[in-house]
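Good morning, colleagues. Please take a moment with the sequence and the model on the screen, and then I shall go through the side-chain contacts.

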Amino acid sequence: MVVLALSCVVLLALGGCVCVVWASRGGPRWVRAVSRGTLLAGELVRRSGRSRAGRDGGADD
């Protein structure tokens, strides 16, 4: 069951990456919307990683 869930997450991530590339080349409106959502999700994940690293006191050397 866990493998199935992780496979779905990976497929969604790959689909989002495809949409980002397609939107950069002028894809349809729905592709641009998915691309925006993918980039927003990536930014949120990146920001959450920064806040966790700050709490560790920089122990990620």
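Let me begin with a definition: a salt bridge here is a side-chain nitrogen of Lys or Arg within 4 Å of a carboxyl oxygen of Asp or Glu. Please bear in mind that this is a predicted model.

With that cut-off, consider Arg47 and Glu43. Their side chains form a salt bridge, with an N to O distance of 3.2 Å, and because 3.2 Å falls within 4 Å, the pair satisfies the criterion. Along the chain, Arg47 and Glu43 are 4 residues apart in helix H2, so about one helical turn separates them. A search of the whole structure finds 2 salt bridges. Glu43 also forms a salt bridge with Arg46, and there the closest N and O atoms are 2.3 Å apart. Glu43 and Arg46 are 3 residues apart, again about one turn, and both belong to helix H2, which covers residues 29-55. Through shared partners, the salt bridges join Glu43, Arg46 and Arg47 into one network.

How accessible are the members of this network? Glu43 has a relative accessibility of 22% and therefore counts as partly exposed. The threshold matters here, because buried means under 20%. Arg46 has a relative accessible area of 47%, so Arg46 is partly exposed as well. Arg47, at 52%, is exposed, since exposed means over 50%.

I turn now to the aromatic side chains. How many aromatic pairs does a search of the whole structure find? The search returns 1. The partners are Trp22 and Trp30, in an edge-to-face arrangement, 5.7 Å centre to centre and with 90° between the planes. Both descriptors are needed, because a pair of aromatic rings is described by the distance of the centres and the angle of the planes. For the angle, planes over 60 degrees apart count as edge-to-face, and so the 90° of Trp22 and Trp30 places them in that class.

Are these two rings buried or exposed? Trp22 has 40% relative accessibility and is therefore partly exposed, whereas Trp30, at 52%, counts as exposed.

Finally, some totals for the protein. There are 2 helices and 0 strands. Of the 61 residues, 10% count as buried. The exposed surface comes to about 5200 Å², and carbon and sulfur atoms supply 67% of that area.

Thank you for your attention.

Terms used:
Residues numbered from 1 in each chain as written. Predicted model: local features only at pLDDT ≥ 70, side-chain atom pairs only at ≥ 80, totals over all residues. Heavy atoms only, no water. Phe/Tyr/Trp six-rings, centres within 6.5 Å; stacked < 30°, edge-to-face > 60°. Buried < 20%, exposed > 50% of the residue type's maximum accessible area, 1.4 Å probe, protein only. Areas by Shrake-Rupley, 256 points an atom, 1.4 Å probe, with all protein chains shown as cover.
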